[in-house]
Amino acid sequence: RVRTLGSACARKGFTLQLTPRMVVKVTSICCIGAGYVGGPTMAMIALKCPHIKVTVVDISQPRIDAWNSDELPIYEPGLDDIVKQCRGKNLFFTTDVEGAIAESEMIFVSVNTPTKKTGLGKGKAADLTYWESAARTIAAVSKTNKIIVEKSTVPVRTAEAIEKVLQRNCNTSGVRFDILSNPEFLAEGTAMDDLTAPDRVLIGGKIEGQEGTDAVASLVEVYANWVPQERIITANLWSAELSKLAANAFLAQRISSINSMSALCEATGADVSQVAYALGKDSRIGPKFLNASVGFGGSCFQKDILNLAYICECHGLTEVADYWYSVVGMNDYQKNRFVKRVVSAMFNTIRNKKICMLGFAFKKDTGDTREAPAIDVGNGLIEDGARLAIYDPKVSDAQIAMDMGAGMSNITTYKSHIEALRDAHAVCVMTEWDEFKSYDWGEIYGVMQKPAFVFDGRLILDHDKLREIGFIVYALGKPIEPFLRSAEGN
């Protein structure tokens, strides 16, 4: 199996030493971190590898309690069924971090690596506090050799620093730690499908030496239970770590590129959807990630781009850093542009006007609100005096309150879309939930103030039909209708 893999990797420019000698047959896996990555990934491994005991640990008792309940702490289509099928058999959730580490041959670390808020690299560099803490715990507990797998998104050469922490904090002589990088490439909302049939599984290790090759082969054996061998790619540690940052940067760059075109389309009367369709038909470009929107969000894109740019700065690559910073700058511009469009279209005043925001999650089929465009857009509307009515089918009131902070004094959350829209002057579509497309927009028009505005920040509605009903419609990246141009003084 490994010889075949090595040959395939060599053709792709990766290297892999062959004939592993001491491949560990993994029977017990521990994952530190029960979040959006750790939980679903371990659930899939448990499902596909019934011979392996999988234990997910976290220091948060409420989070572990939720994983052991009928109401999981995260929403992901298909996850609930898999967890219920495996939990108590070979999938376990516990706060006994040390016990799980001690009995496992392989330890995945999937802790949060947020952007630093203070000190050197503030607002750019990754904060590895949780990662280092996990490493110290692993070192203190381990009595036998361990394979440590980086699942969190980390800066290039993090493994080198973590290895030093492990080696200098282990009290048992002779214990060996092999560090691998196995970045996740999951898209929230389709994570379980991505895990079931991944485009690729990337495993980085010290493949220049035999021990590193053996460690890589051990993780290859786990994934080979369901992933075709040709989709398992190996690389050296640093290439694997950088590949994750680069992947998210490239995806975000495509979104910012099409969003820049949306602004030009509005200025010229072009249609961004038609432009995107034409671009996507070019086989060199392809159609994915060419949907214009109010902006990208989620836990990874902005964080990883800022981290990538900061690494470039640290290596003296100022021009490269500036290029990637511009991707984030375009995303901020798009959100600000959307707010300005709302204000100017509504006669340049939204003070004390009720504006409904349909959707708060950063994308459909998830309850995740991290870096959601709705946060910045909502704050922008509140700054101009609006009263917000927010409805999202999966995001809790508590999460909205946490994200919006002091702005909650101008926000009311609703459990029903029609109540959120009642007496509203405008509706802003912030998340592309499928249910929004099936609403009775005639009924909605009847309960709203007139003129009734629709600002479609996700381009999911039938705009011609809305106009027939009587709505004034702004569709991002589409030709601006005369009513809006006259309201804006154009």
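In this predicted model, strand S4 (residues 106–109) and strand S5 run parallel, joined by four bridges. To find one of these partnerships on your screen, look for Val-109, whose bridge partner in S5 is Glu-150.

How covered is S5? Five of its five residues are buried. In a regular strand the side chains alternate between the two faces of the sheet. With that pattern in mind, look at both sides of S5: Lys-146, Ile-148 and Glu-150 are buried on one, and Ile-147 and Val-149 are buried on the other.

Now let us turn to a helix. Which residues of helix H4 (residues 79–86) are buried? They are Leu-79, Ile-82, Val-83 and Cys-86. Seen down the axis of H4, these residues fall within an arc of 100°, so they line one face of the helix. An α-helix has 3.6 residues a turn, so residues three or four places apart point the same way. The buried residues of H4 pack against helix H2 (38–48), helix H3 (61–67), strand S3 (91–94) and helix H8 (191–196). After H4 comes Gly-88, with a positive phi near 85°.

S5 also appears in the second largest pocket, where strand S5 (146–150) and helix H9 (210–223) each supply at least two lining residues. H9 gives the largest share, four residues. The pocket has a volume of about 250 Å³. Of its 13 lining residues, Met-22, Val-24, Asn-145, Arg-176 and Asp-178 lie nearest its centre. Here is the lining by class:

| Class | Lining of the second largest pocket |
|---|---|
| Nonpolar | four residues |
| Polar | two residues |
| Charged | seven residues |

Note on methods: Residues numbered from 1 in each chain as written. Predicted model: local features only at pLDDT ≥ 70, side-chain atom pairs only at ≥ 80, totals over all residues. Heavy atoms only, no water. 1 Å grid on protein atoms, 1.4 Å probe; cavity = no way out; pocket = protein on both sides within 12 Å on 5 of 7 lines; lining within 4 Å. Points joined across faces, edges and corners; volume = space filled by probe spheres on them. Nonpolar A, V, L, I, M, F, W, Y, C, P; charged D, E, K, R; others polar. Buried < 20%, exposed > 50% of the residue type's maximum accessible area, 1.4 Å probe, protein only. Arc of directions from axis to C-beta. Contact = heavy atoms within 4.5 Å. Pairing = 2+ DSSP bridges.
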